[in-house]
Amino acid sequence: MPDGRHPEGPTEKCGVVGVSLDGREAARPLYYSLYALQHRGQESAGIVTHDGFQQHSHVEMGLVGDAFDAGDVESLNGSNGIGHVRYPTAGSVDSCCAQPFSVSFKSGSLGLSHNGNLVNTAELREELAAKGHAFTSDGDTEVIAHELARNLLEADLVRAVKRMMSRVHGSYSLTITHDDTVLGVRDPQGNRPLCIGELDDGYMLASESAAIDVLDGELVRDVEPGELVVLRPDGSGFDSYQLVEADDAAHCFFEHVYFARPDSRIDGSLVYDVRRELGRKLWEEGGVDTDVVLPVPDSGRAFASGYADAAQADGADVEFAEGLMKNRYVGRTFIMPTQDARERAVRLKLNPIKDVVEGRTVTVIDDSIVRGTTSTQLVELLRDVGAEAVHMRIGAPPIAAPCYMGIDMASREELIAAGRDVEEIRQEIGADSLSYLSVDAVADALEESRTDLCLGCVTGEYPYDIEGEAADRDVARPDIDGAEAGVADD
Ligand code: AMP
């Protein structure tokens with residue numbers, strides 16, 4: 001849809017985990033690992049476990065700490081399970097879409113946690129509905145669950161997942177329970193992250209390695225694009241099946257720029273190092289001499305320290321200072337429903353330290369500009385407390401198109417960079433100068449080729465086949481007539 005609204009219903013932007021242990025209850029480790037992924041979703045949290053006989057589930061709206069009390073965690077029996085945190089979509093607080101999705105059917109029970117977004121949900125749903133499948137939500141996760149359940153009636157687990165992957169198209173990192181077996185699946189282009197961790201008494205899967213760290217585990221590796229990982233229910237190891245091979249990956253660069261924790265390692269790179277490197281490149285591509293460099297907390301910090309280091313190494317007489325203080329108790333400005341509320345929230349959230357700024361020229365570093373609310377407000381605030389000049393430097397290219405792959409951006413009309421060049425954006429936000437990073441700098445810092453990245457939100461060309469949008473590659477649609485198109489032979 002060219003208007004930037006997602007064509008497939010509510011999007012699922014989330015964190016997922018899965019754990020298989022040698023006899024120890026899985027619920028508590030799952031609960032802690034969800035805490036480590038809280039930044040990936042604050043709308044709802046849930047856990048599904050299996051004790052070898054039956055499935056247990058607890059899914060609630062709210063933050064992890066509010067969604068569970070001690071009794072809830074105790075009641076989730078079994079040493080195998082999965083968990084989920086769901087990201088809020090602007091304007092929708094919808095308990096129907098809280099996950100893990102769980103269902104019992106003829107071949108057992110299924111639990112499913114999804115991060116990402118399918119782009120053929122409507123097509124598949126219509127087809128499944130015509131065959132008598134009843135849906136309780138309009139999200140894509142339930143479609144994946146139905147596809148999997150249907151295939152499990154006729155095929156073994158690995159084959160059923162393979163068939164499911166040939167039918168669902170788009171972005172998905174999944175953790176799944178099929179009875180007491182925990183699986184992880186990453187879409188053939190590896191759009192959202194998923195990694196494998198080793199614990200003292202078992203194995204786990206998680207969106208980000210920070211969730212493995214909190215359980216004192218070791219990161220084993222990333223799940224490969226198109227790979228199925230099956231954790232052995234006794235916690236003794238995992239089995240891997242490379243089910244689909246795609247020519248190129250489509251890793252989301254925005255995970256590194258904004259979404260993931262800096263202490264996570266994703267697709268081989270530590271997010272903190274990538275952000276510092278992006279900051280260094282920002283200086284190389286558009287450095288400006290000022291008295292002080294200010295990060296926008298928290299996401300601008302690593303960029304600003306890399307930028308300031310590079311500037312100082314070049315001999316610039318610039319100070320790095322935490323001149324903007326963040327009130328941690330204000331919710332995310334980005335998801336406020338009205339522009340007025342968003343502006344008020346930025347003011348509540350960020351306060352400049354007058355003594356750091358007054359009478360000085362400043363460079364403000366943020367990871368991204370979406371609607372422009374934060375930067376416009378910041379420029380005004382800094383001038384109000386006496387900044388002599390305010391220069392903005394942004395650690396990503398201009399975001400000019402929506403994300404259909406699971407990150408809540410905004411519709412095209414709301415994006416300040418849609419239809420404006422950098423000079424027009426500068427005028428709009430009122431800065432003395434503005435510069436962004438180039439796409440090549442992003443690819444270099446990630447040590448990836450451009451063709452292995454999803455850059456849809458900055459180029460307007462997507463690695464998936466989306467109605468009304470351009471594609472940046474030959475996108476092979478899956479054969480939804482039942483054939484296993486695009487699936488490697490056994
Ligand atoms: P805006 O104020 O609309 O220009 O949004 C930019 C600010 O929101 C930046 O400080 C980013 O750190 C942050 N941001 C960027 N993308 C997102 C997102 N998908 N969800 C929440 N916040 C975001």
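These legends walk through several close-up views of a predicted model.

**View 1. How confident is the predictor along the chain?**
Averaged over the chain, pLDDT comes to 91, and 91% of the residues reach 70 or more. Residues 1-11 sit below 50, and this stretch has 35 contacts in the model beyond near neighbours in sequence. Another stretch to treat with care is residues 480-490, where pLDDT stays under 50 and the model has 27 contacts beyond four places in sequence. Where pLDDT is low, the predicted coordinates should not be read in detail.

**View 2. The ligand and the residues around it.**
Which residues come closest to the ligand? They are Y87, D366, D367, T374 and D408, out of 17 that surround the ligand. The shell is a mix: seven residues are nonpolar, five are polar and five are charged. Helix 8 (253-259) and helix 13 (373-384) each chip in with at least two shell residues.

**View 3. Polar atoms facing the ligand's oxygens.**
An N or O atom in the side chain of D367 is 2.5 Å from an oxygen atom of the ligand. With G372, a polar backbone atom is involved, 2.7 Å from a ligand oxygen. S299 brings a polar side-chain atom to 3.1 Å from an oxygen atom of the ligand. How much of the ligand does the protein cover? The answer is 95% of the 500 Å² of accessible area that the ligand has on its own.

**View 4. Q55 in strand 3.**
Q55 belongs to strand 3, which runs over residues 55-61. Is Q55 buried or exposed? Its relative accessible area is 18%, so Q55 counts as buried, the cut-off being under 20%. The side chains of Q55 and S109 make a polar contact at 3.4 Å. Beyond four places in sequence, the contacts of Q55 include V48, S102, L110 and T177.

**View 5. N191 in a loop.**
Here the loop between strand 8 (181-186) and strand 9 (195-199) holds N191. Being in a loop doesn't leave N191 out in the open: N191 is buried, with a relative accessible area of 2%. Its side chain is joined to that of S171 by a polar contact of 2.8 Å. Other contacts of N191 beyond four places in sequence include A250, C252, M405 and Y464.

**View 6. Both ends of helix 14.**
At the N-terminal end of helix 14 (residues 422-429), D421 acts as a cap, with a side-chain oxygen 3.2 Å from the backbone nitrogen of E423. Just after the helix, G430 takes a positive phi of about 80°.

**View 7. Backbone spots worth a second look.**
Most residues other than glycine have a negative phi, and most peptide bonds are trans. Where are the cis bonds shown here? One runs from Q99 to P100, with omega near 5°, and P100 lies in the loop between strand 4 (80-86) and strand 5 (101-105). Another joins P297 and D298, with omega about -10°; D298 is in the loop between strand 17 (292-295) and helix 10 (301-313).

**View 8. Two aspartates with positive phi.**
D216 has phi near 55° and sits in the loop between helix 7 (210-213) and strand 11 (218-222). With a relative accessible area of 68%, D216 is exposed. D267 also has a positive phi, of about 45°, and its loop links strand 15 (265-266) and strand 16 (269-270). D267 is partly exposed, at 22% relative accessible area.

Note on methods
Residues are numbered from 1 along each chain as its sequence is written. Side-chain values use heavy atoms; hydrogens and water are left out. pLDDT is the predictor's confidence in each residue, from 0 to 100. Contact means heavy atoms within 4.5 Å. A residue is near a molecule or strand if one of its heavy atoms lies within 4 Å of it. A polar contact is a pair of N or O atoms within 3.5 Å; within protein, one must be able to donate a hydrogen and the other to accept it, and residues adjacent in sequence count only if both atoms are side-chain atoms. Accessible areas come from the Shrake-Rupley method with a 1.4 Å probe; for residues, only the protein chains shown count as cover. Helices (H or I, at least four residues) and strands (E, at least two) are DSSP runs, numbered from the N terminus. Ala, Val, Leu, Ile, Met, Phe, Trp, Tyr, Cys and Pro count as nonpolar, Asp, Glu, Lys and Arg as charged, and the others, Gly among them, as polar. Buried means under 20% relative accessible area, exposed over 50%, partly exposed in between (1.4 Å probe, protein chains only).
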